[in-house]
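Here is a friendly walk through the model, one region at a time. Keep the structure open beside the text as you read.

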Amino acid sequence: MGQGIAQIGVYTIVLIALAYPLGLYMARVYTAPRFGGPWLDALERGYCRLVGTDRKKEQDWKSYAKTVLVFSIFFFLVLYAIQRLQAHLFLNPNHDAAVPPHLALNTAASFITNTNWQYYAGESTMSYFTQMAGLALQQFVAAGVGMAVLAAVIRGIARRSAGTLGNFWVDLYRSLVYIFLPLSLVLGTILLTQGDPQTFGATVSAHTLEGAVQQIARGPVALMLAIKQLGTNGGGFYNSNSAVPFENPNGITNFLEVIAILLIPAGQVFMFGKMVLARRHAAMVLASMVVLFLIGVAIAFPAEQHGSQVLRASGVDITQGNGQSGGNMSDKEVRFGIANTALWATATTDASNGSVDGGHDALTAFGGMVPILNMFFGEVVFGGVGSGLYGMFFYIVIAVFIAGLMVGRTPEWLGKKIEAREIKYAAVGALFVPTMVLTLTAISIVTKVGLASIYNPGAHGFSETLYAYTSQSNNNGSAFAGFGLTNFSAELGAVALFLGRFVPLIAALALGGVLGQKKIVPASAGTFRTDGPTFVVLLVGVILLTAGLMVFPALTLGPIVEGLTH
Amino acid sequence: MVLRDIRGSIVAGVIFTLVLGLAIPALFTGFAQVAFPSQADGSLIKRNGVVIGSRLAAQGFAKPQYFHERPSATSPAYNAAGTTFANLGPTNPQLAKNVNANVQAILKLEGPYNPGLTVHDIPVDAVTTSGSGIDPDISPAYAQLQAHRIAAVRHLSLADVQQLISEHTDGRSLGFFGEPGVNVLELNLALDKLGGS
């Protein structure tokens, strides 16, 4: 396992080293009145004029939230229409038919919410037009919305006695043009050189060495892959996602794609530190994330290396070494082996990415429990672009509040008094989604229509259901992929996707809004310090206790029972 | 206010769709086709002008004179236009059935060429489905297991076959990332070049 541990160690170091300069850069993107020289500035001005906004005019949190909602619903309708009409649109060389209504509903909700849950097989369902101008476009846009909202919330924390948080149209534009697009072009080009296709050519028929005919799907893959990874989207061009060699051809692309999962989410913590001038506090938040991330890998990697019950009982050689990586190779690829698949499974659920480089349904009981836990925490371990850190803010407020109760002082966070309203918004933000997950899982488990989606028998079937609603409610998008599409699961999923995205998003904007109106109180001897290691312990503890305890009973019915059976 | 948001959404929607959804991907595709045509088209391998496969997709070798790939859950097997996992959980009885069937098939096929072969000698990747269903690689261990059969069927020396395997083993990327694997299609093409029956 030594080589695997070394790969994971190098990964963590490279991630932080790249995230730091990116974070400082992103802070500039969201704070500079003009960005990028006269030409780029003129472009931004032109865009603002077309959209009909004055970029010097800022919005309060309610107005900001309203614009986000209108914008997202607009694109929901467009994306639904594109899927239904794709047979009549261009760039459809494989003659894919219209996407059926329930599937189109779930998929549209899935992509505008930065989730990318996929009840469909991309290479055989979606035309190139839908993949490119529908789905991949949302991978840019929904990610941009998340970052815009985060920037607004951070401004609220940083400002004092202010009524506004920023201009959504400008924040969105800058996220897309100055962060996601350039990074995607760089990563997309690298992936292209390694073997990710980028063509409008149709599926090819190959005449194999043994005389059979093999269909090989291709398409505009490389650029979509880049934004899929960078924008914590996760929706692949192919059904098997980044397990497919055309999405992820070798060890180096795998490394870059896992880096891309957490790059911006880690960078946004540095951005936060810079924007609120509290770098030590941000470093402690990051440290908490690293701790939770490493705990996840430390469970998943050995669990997968140990192998599944079936494989151990079969008698085949699952020991590592002698020319194989061994372990639970079910639904995993040789070129990634155990370490890289376990690392990916952890990272993709720490963030709201949801891409996979191996099948999660085939993970061992405890290897599969880690993703469920990560998602259930609300994906705050680095987390989704934007959503991860504003999700973490809820926990920070609760942590500070609890610390305040313990020392008998009014809790403060970065000089702002935390009072009833802030606690209410934070509690809604932190607890709404976990409550919804448990409710929807329960509904799906006690109804016949819900049970129809289950693929694997026994406790694992329960895990599939829990995973499905945890993933969709937290806008992750990875799956125990045996879980099947029915009209019921498509509709219930759409509810989870919408509420899971917009309830915390609005709570975060509200939190930013009320914090922005507050004055700064100078720190005193009684102020609980949020820039030391004690805070890390407290924050990790609060996350484990609030979300962890909520999901524990459900875990005992699924992964824990399964892990204890032989 | 909402009307202004709707108007803004429509205009921004059109701009983003035209630029990010169409123009930039189209330009990027043009760049890819010019600068990296082979990769951009799917790393296809041609022989006498006919596409015989892609180096990035397993194609389902079954004849005894070829190295075989890992099991595939796609329908039909090794469908590179319908990738899928098997999605069988770690305790699923169906998984046990499939794995045992794969074990028996390998013992039957390789046993005659590997005297004393038992289930304990079979590397796990040989009996498990891959993530994509078209994993182009097998572990070096599985290639070594098959080398005896290939040498016997093709009347080659075992050393020559093993030499060929090591030439077609992709180590970890940059010597560090990922795991070593043997690209089966490339290996089989090299075998055909080398000759033997």
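## A hairpin in chain A

Two strands count as paired if DSSP finds at least two bridges between them. With that in mind, please start at strand E1 (residues 204-207) of chain A in this predicted model. E1(A) pairs with E2(A) in the antiparallel sense, over 4 bridges. To follow the register, look at Val204(A): its bridge partner in E2(A) is Ile216(A). The two strands form a hairpin, with 5 residues between them. In the turn you will find Gly211(A), which has a positive phi of about 90°.

Strand E2 (residues 213-216) of chain A also has two distinct faces to look at. Gln214(A) and Ile216(A) make up the covered face, while Val213(A) and Gln215(A) make up the uncovered one. Ile216(A), the bridge partner of Val204(A), is thus found on the covered face.

## The loop after the hairpin

Moving on from E2, the loop that leads to helix H8 (222-230) of chain A holds Gly219(A). Is this glycine, Gly219(A), buried or exposed? Gly219(A) is buried, because 28 other C-beta atoms lie within 10 Å, and a count of 20 or more is what burial requires.

Which residues does Gly219(A) contact, once neighbours within four places in sequence are left aside? They are Tyr128(A), Gln131(A), Pro197(A), Thr199(A) and Phe237(A). For a sense of distance across the chain, try Lys424(A): from Gly219(A), this lysine is 205 residues away in sequence and 48 Å away in space, C-alpha to C-alpha.

## The nonpolar core

Now turn to the largest nonpolar core, which has 235 residues. Val149(A), Val153(A), Phe393(A), Tyr395(A), Val397(A) and Leu509(A) have the most contacts inside this core. Helix H6 (residues 128-158) of chain A gives the core its largest share, 21 residues.

Val397(A) is a good residue to select and inspect. Not counting residues up to four places away in sequence, Val397(A) touches Trp413(A), Ile418(A), Glu422(A), Ile423(A) and Ala426(A).

## Chain A meets chain B

At the interface, 103 residues of chain A are in contact with 93 residues of chain B. On the chain A side, the largest share comes from helix H3 (residues 61-85) of chain A, with 7 residues. The residues of chain A that touch chain B comprise 49 nonpolar, 42 polar and 12 charged ones.

## Domains of chain B

The domain assignment of chain B gives domain 1 (2-38) and domain 2 (42-194). Taken over C-alpha atoms, the centres of these two domains of chain B are 41 Å apart.

Definitions and conventions: Residues numbered from 1 in each chain as written. Chains lettered and ligands numbered in written order. Predicted model: local features only at pLDDT ≥ 70, side-chain atom pairs only at ≥ 80, totals over all residues. Contact = placed C-beta atoms within 7 Å. Nonpolar A, V, L, I, M, F, W, Y, C, P; charged D, E, K, R; others polar. Domains from an automatic or database assignment. Core = buried A, V, L, I, M, F, W, Y, C linked by C-beta atoms within 7 Å. Buried ≥ 20, exposed ≤ 12 C-beta atoms within 10 Å, placed from the backbone.
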